[in-house]
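Grab a coffee and open the viewer: here are a few short exercises on charge pairs and packing. Try each one before reading the solution.

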Amino acid sequence: MTDKSDKTNKRLHTVLDDLPSGTEGEEQGGKVSKTLPANVRAGDLYRDIVRIAWPSFVELILTQLASMVDLMMVGSIGGEANPQLGAQALTAVGLTTQPKFLLMAAFVAMNTGVTALVARYKGLGNREKANLVVRQGLMFTFTTTILLSALGVIFARPMVVFMGSTEEAVTIWATQYLQIQMAGFLTMALTSTITASLRGVGDSRSSMMYNMIANLVNVAFNWLLIYGNLGFPEWGVAGASLATVLGQLVAFFIALGIILRGNGFLKLEWRLGFLPDRHTLRDLLNIGIPAMIEQLLMRAGMIIFTKTVASLGTTAYATHQICMNIQALSFMTGQAFAVSSTTLMGQSLGKRRSDMAHAYCSRVRRIGMFSAVIISAVFIFFGGAIVALYNKDAEIVAAGARIMLFMAFLQPLQTSQFIIAGALRGAGDTRATAVITFVTVLLLRPSLAILLVHLGYGLYGAWIALACDQAVRSVLVLARYHGGRWKTLKVG
């Protein structure tokens, strides 16, 4: 048992653990030193970054690949003889995405606070406070998700219709898909809070393992329930939704077992209870409320943007849904390294080492930019072939291949943006990211999309608007980081 504990502690160990804590004056200081402390090598920092990022990268890639397989299987309904049926199925699933993310906003935002605070307490070496944050986060997630699940089931059809569904078959499929997702909302929400807690201490490997298993369960039940193989019912779009929920259920039980057993720093102890703790909830809400506002603003903007694209018809929207799904896969590199920047920023500031926070962040950006260039090249040369994996309709493939060129241009911008925004969230600077989201996602992207679609640019106009949003957001996030206010924020 001791050997296993030692191995786990070694896995969570970073360069920060070997450095002395900074002073209050150093934390409040002005210019951050760009010189590494004595006995710290750049290679040591890259090791910490990659050790946290690679499990997150594998986890996110596999999760998104499972989502892609989901859509490919759904898009193949009707086969080559009736690709339009597959386009309707893709549209049905796509129409549920933004309502689901909107309902997720509350606990996703609170999870931002959970990660930031757990990372700070890890930097301070305060296990008791870190575990209190975990219990309060789970308590908040449980209570809010019960209510949100009920609302999602009851209002599924009105939400789908609001998103722009005009065909009755599409509306029925989308309603069924969303209601099943909402019925299984609780286990997914609780798992995400456990994941946020583990990431705060740099344990990204555990979540990689249980999400990998969940994805395999998801894909297996897709094959069984979409097409009715091995005597299972042929439920089509509804079967794809149920398969996702079953995978999430498996992930929850594994994640719960991990946090109950403990990972060397965090351990969930039932005997300590889940009663509200005023001070901890205040700290969580100070970070979580701006993050929730950011999420709500983002979802509001995305809903307007999605409705604009949906107005172009089923074929255009199916193309858009495919390209958004592929783009989400390309997000994974930036999001994985954002996990590193969030964790290491929080732990550095918890130890009052803003110099180390800056050192880590600059190196995360270098790695992220290198990977973004590689992904851009893949999209340029193989875009059409990737789109054809989802649907063989010639119009969809041709339009999708052109949109992949937009996506290639966006890669460096979105990767840098994810990493810097992750660092700011790790510092607890969620108010700034909320304002930036308001300007870009709620104002710039939908208004420009509506204008360009109205001027006759169609689906390409919507993607031009998306590119402009990403460019402006990247500039604003970088400017906020260089402003340096993150060094002096108090979050716990």
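**Exercise 1.** How many salt bridges does a search of the whole structure find?

*Solution.* Searching the whole structure turns up 12 salt bridges. Keep in mind that this is a predicted model.

**Exercise 2.** Work out which parts of the chain the salt bridge between aspartate 429 and arginine 480 ties together.

*Solution.* Start with the pair itself: the two side chains meet at 2.9 Å, N to O. Next, place the partners: aspartate 429 sits in the loop between helix H14 (394-426) and helix H15 (430-454), while arginine 480 belongs to helix H16 (residues 458-483), so the bridge links parts 51 residues apart in sequence. Finally, check accessibility: aspartate 429 is buried at 3%, whereas arginine 480, at 27%, is partly exposed.

**Exercise 3.** Is aspartate 469 buried or exposed, and which residues share its salt-bridge network?

*Solution.* Buried means under 20% relative accessible area, so aspartate 469, at 0%, counts as buried. Its partner arginine 473 is also buried, at 9%. Their closest N and O atoms are 2.8 Å apart, and the two residues lie 4 apart in helix H16, about one helical turn. Shared partners then join Arg445, Asp469 and Arg473 into one network.

**Exercise 4.** Find out which helix gives the largest share of the largest nonpolar core.

*Solution.* That core has 64 residues, with Phe379, Met407 and Trp463 among those making the most contacts inside it. Helix H4 (residues 83-124) supplies the largest share, 10 residues. A second, separate core has 32 residues, including Leu138 and Phe140.

How values were computed: Residues are numbered from 1 along each chain as its sequence is written. This is a predicted model: local features need pLDDT of at least 70, side-chain atom pairs count only at pLDDT 80 or more; totals for chains, interfaces and linings use all residues. Side-chain values use heavy atoms; hydrogens and water are left out. A nonpolar core is a set of buried Ala, Val, Leu, Ile, Met, Phe, Trp, Tyr and Cys residues joined through side-chain atoms within 4.5 Å. Buried means under 20% relative accessible area, exposed over 50%, partly exposed in between (1.4 Å probe, protein chains only).
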